[in-house]
Amino acid sequence: MKKIPETDAIFARLAEVNPAADADPTVLRMSVDAKARVLLGRFSRGGRSRIPVEALDHDFRTAPTVTPLGVFLPVVNETYLYFIQGPLTADAIADVIELTWRQVAPRFPTVQTLHLNLDNGPENHSRRTQFMQRLTQLADTYHLTMQLAYYPPYHSKYNPIERVWGVLEQHWNGSLLDSLAAVLAFARTMLYKQSAPIVQHIQRTYATGVKLTAKAMAALEARLEREPDLEKYFVRIAPLAA
């Protein structure tokens, strides 16, 4: 029997698990990813602005770049956008997953599993020790099963959150993004699927290079249920019994 190429096998499995998650009231699917860093400056986007940028009620120190992190909930067409200054890390990605769940949990009382669509970026792939530790902690803290479903390398464009980034890029194209305040204002006025996103600036500065020792990761690996033949792409983390 001819072996199915890995990429085809991953997409075939995604075609099964994603619709199943959306149809199950005990599961909530989250599409999670970061956009490329946005350069801030007076001459950003040609130094023009299509719309007035309304001042916010806090002063933000201008920084060279800001990184958008997004979570999209396909079942309800809701978008949550977070903006960080500084490096993108496993802890930043885990934090936005937790922040989103805390915001929506009261509306999903039957949910027992978070089904996460992710790409295979360096900070959130399933062999990234700090990321897997943080998700295991989330599972235990909130008594949720974490179900990871990754898109194959070079195919992250199929992750639903990527369409949000395309709309955001069109929304602020040609505009002056000279400050964090301007970026947040544009993000808040974007519409995706006729709805404005929930936008938040994360003020924490994340440390890079955080990882587990080989011994600690070996102990953590015992908690991870990896799908045979697609071990890197489909992982289940069950919470500890109460």
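A polar contact is a pair of N or O atoms within 3.5 Å, where, within protein, one must be able to donate a hydrogen and the other to accept it. By that yardstick, the side chain of D95 has a polar contact with the side chain of R204, at 3.0 Å. Keep in mind that what you're looking at is a predicted model. The protein chain runs to 242 residues, 47% of them buried, and has 6 helices and 9 strands. Here's a tour by topic.

**The chain as a whole**

- Take the contacts in the protein chain between residues at least 6 apart in sequence: 77% of these join residues at least 24 apart.
- For one long-range pairing, look at L230 and T7, which are 223 residues apart in sequence but 9.9 Å apart in space, C-alpha to C-alpha.

**D95, a charged residue tucked into α2**

- D95 sits in helix α2, and with 14% relative accessibility it counts as buried.
- Its side chain has a polar contact with the side chain of R134 at 2.7 Å, on top of the one with R204 at 3.0 Å.
- Setting aside neighbours within four places in sequence, D95 is in contact with R134, R204 and Y206.

**Helices α2 and α3**

- Helix α2 covers residues 90-104 and helix α3 covers residues 129-142; the two pack with their axes 8 Å apart, at an angle of about 20°.
- That angle is under the 35 degree cut-off, so α2 is roughly parallel to α3.
- The α2 and α3 crossing is right-handed.
- On the α2 side, the contact is made by A90, D91, I93, A94, D95, I97, E98, W101 and R102, while α3 brings Q130, F131, R134, L135, L138 and Y142.
- Sorted by class, the residues of this α2 and α3 contact come out as 9 nonpolar, 1 polar and 5 charged.
- D95 and R134 are both on that contact list, and their side chains are the pair with the 2.7 Å polar contact.

**Helices α4 and α5**

- Helix α4 (residues 161-172) and helix α5 (residues 180-189) have axes that come within 10 Å and cross at roughly 115°.
- The crossing of α4 past α5 is right-handed.
- L168, H171 and W172 make the contact from α4, and V183, F186, A187 and T189 make it from α5.
- There are no charged residues in the contact of α4 with α5: the tally is 5 nonpolar and 2 polar.

**What surrounds α5**

- α5 is mostly covered, with 8 of its 10 residues buried.
- Those buried residues are L180, A181, A182, V183, L184, A185, F186 and A187.
- Among the elements covering them are strands β3 (65-73), β4 (78-84) and β7 (198-202), along with helix α4.
- V183, F186 and A187 are on the buried list, and they also belong to the α5 side of the contact with α4.

**K35, a lysine in a loop**

- You'll find K35 in the loop between β1 (27-34) and β2 (38-39).
- K35 has a relative accessible area of 16%, which is under the 20% cut-off, so it is buried.
- The K35 side chain has a polar contact with the side chain of E169, at 2.9 Å.
- Outside its neighbours within four places in sequence, K35 is in contact with T67, P68, W165, L168, E169 and W172.
- L168 and W172 from that list also take part in the contact that α4 makes with α5.

**L230, another buried loop residue**

- L230 lies in the loop between β8 (224-226) and β9 (234-237).
- Its relative accessible area is 8%, so L230 is buried.
- Not counting residues up to four places away in sequence, L230 touches E6, A9, I10 and R13.

**Two positive phi angles to note**

- N77 isn't a glycine, yet has a positive phi of about 55°.
- The spot to look for N77 is the loop between β3 and β4, where it counts as partly exposed at 31% relative accessibility.
- K193 isn't a glycine either, and it has a positive phi of about 55°.
- K193 is in the loop between α5 and β7, and is partly exposed with a relative accessible area of 39%.

Key. Residues are numbered from 1 along each chain as its sequence is written. This is a predicted model: local features need pLDDT of at least 70, side-chain atom pairs count only at pLDDT 80 or more; totals for chains, interfaces and linings use all residues. Side-chain values use heavy atoms; hydrogens and water are left out. Axes are lines fitted to C-alpha atoms, for helices over the stretch in contact, and angles run from 0 to 180 degrees between N-to-C directions. Helices (H or I, at least four residues) and strands (E, at least two) are DSSP runs, numbered from the N terminus. A crossing is left-handed if the near helix is turned anticlockwise from the far one by less than a right angle, and right-handed if clockwise. Contact means heavy atoms within 4.5 Å. Ala, Val, Leu, Ile, Met, Phe, Trp, Tyr, Cys and Pro count as nonpolar, Asp, Glu, Lys and Arg as charged, and the others, Gly among them, as polar. Buried means under 20% relative accessible area, exposed over 50%, partly exposed in between (1.4 Å probe, protein chains only). Angles under 35 degrees count as roughly parallel, over 145 as roughly antiparallel, 65 to 115 as roughly perpendicular and the rest as oblique.
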